[in-house]
Amino acid sequence: MFKKFLISSACLVAMTVGAVAADVGGPTGGAWYLRGDIGASFSRDYSVFGSDEAVAFGAGIGYQYSDMFRTDITFDSAVGYDLNFGVDLDTYSVLLNGYFDLPLNSFIKPYVGAGIGYGWAEASGGGASVDDDGFAFAGMAGVTVDLTQQMALDVGYKFRNISVSGQDVQDHMVRAGVRFYF
């Protein structure tokens, strides 16, 4: 699943960069945006017990302060970890994130970011359900490709930690998404 996602993402980025050969440039500041992401999530902590892969998706709203700094509030989830014995694990978080965008040229921008917030994990199986919640934090890195003044492609990595009683839930997300500026 992971190889297919990486190959698909690489092809999408290559086609996008080729299609945006002209100097498009994205928003330079003072712009609100909506974002949506989809990808794969991996958690090595639970791989001994079952599948270490889950589907990751997220959405959020943010503000681009300048061509180098933006913030957003996001909802992220990873659903479908299979812990064997018929138990499934799903993880969720709401994070306030800050990003530093490095404008190398007119439409390609690598970035790094960090986020803090609230997260929870739900395990269910055999007719029973257990959930726990707590503080969450994340670190991100990726590349933004400006498609137009109002739309950008985002391909990135996110490490997320959710503090729960017992062992914290940690996952690694590889995602592709789109930001729509308005």
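Colleague: What makes E1 and E2 (residues 53–64) a pair of strands?

Modeller: Twelve is the count to look at: 12 bridges join E1 to E2, and the two run antiparallel. Two strands pair if DSSP finds at least two bridges between them, so E1 and E2 qualify. One of those matches puts isoleucine 38 opposite phenylalanine 57 in E2 as its bridge partner. Keep in mind that this is a predicted model: local features need pLDDT of at least 70, side-chain atom pairs count only at pLDDT 80 or more, and totals for chains, interfaces and linings use all residues. Residues are numbered from 1 along each chain as its sequence is written, and side-chain values use heavy atoms, with hydrogens and water left out.

Colleague: Which bridge partner does tyrosine 33 have in E8?

Modeller: That would be tyrosine 181. E1 and E8 also pair in the antiparallel sense, over 10 bridges.

Colleague: How many helices and strands are there in the protein chain?

Modeller: One helix and eight strands, in the order α-β-β-β-β-β-β-β-β along the sequence. Both kinds are DSSP runs numbered from the N terminus: helices are H or I with at least four residues, strands are E with at least two.

Colleague: What links E6 to E7?

Modeller: A hairpin, through four residues. E6 and E7 pair antiparallel over 11 bridges, and methionine 140 has lysine 158 in E7 as its bridge partner. E6 also pairs with strand E5 (residues 108–125), antiparallel over 18 bridges. In the E5 and E6 hairpin, with two residues between the strands, glycine 126 takes a positive phi near 60°.

Colleague: Why is arginine 35 called buried?

Modeller: Arginine 35, in strand E1, has a relative accessible area of 7%. Buried means under 20% (1.4 Å probe, protein chains only), exposed is over 50%, and partly exposed lies in between, so arginine 35 is buried. Across the chain, buried residues make up 42% of the 182 residues.

Colleague: What makes the approach of arginine 35 and aspartate 72 a polar contact?

Modeller: Their side chains come to 3.0 Å. A polar contact is a pair of N or O atoms within 3.5 Å, where within protein one must be able to donate a hydrogen and the other to accept it; residues adjacent in sequence count only if both atoms are side-chain atoms. So the 3.0 Å pair falls inside the cut-off. Beyond four places in sequence, arginine 35 is also in contact (heavy atoms within 4.5 Å) with residues including Tyr99, Asp154 and Arg175.

Colleague: Why is the largest void called a cavity?

Modeller: On a 1 Å grid over the protein atoms alone, a cavity is a set of points where a 1.4 Å probe fits but cannot get out. The largest cavity has a volume of about 90 Å³, that is, the space filled by probe spheres set on its points, which are joined across faces, edges and corners. Lining residues have an atom within 4 Å of a point; among them are Arg35, Tyr99, Met140 and Lys158. E7 gives the most to that lining, with four residues.

Colleague: How many charged residues does that lining have?

Modeller: Five, beside five nonpolar and two polar. Asp, Glu, Lys and Arg count as charged; Ala, Val, Leu, Ile, Met, Phe, Trp, Tyr, Cys and Pro as nonpolar; the others, Gly among them, as polar.

Notes
On a 1 Å grid over the protein atoms alone, a cavity is a set of points where a 1.4 Å probe fits but cannot get out, and a pocket is an open set with protein on both sides within 12 Å along at least five of seven lines; lining residues have an atom within 4 Å of a point.
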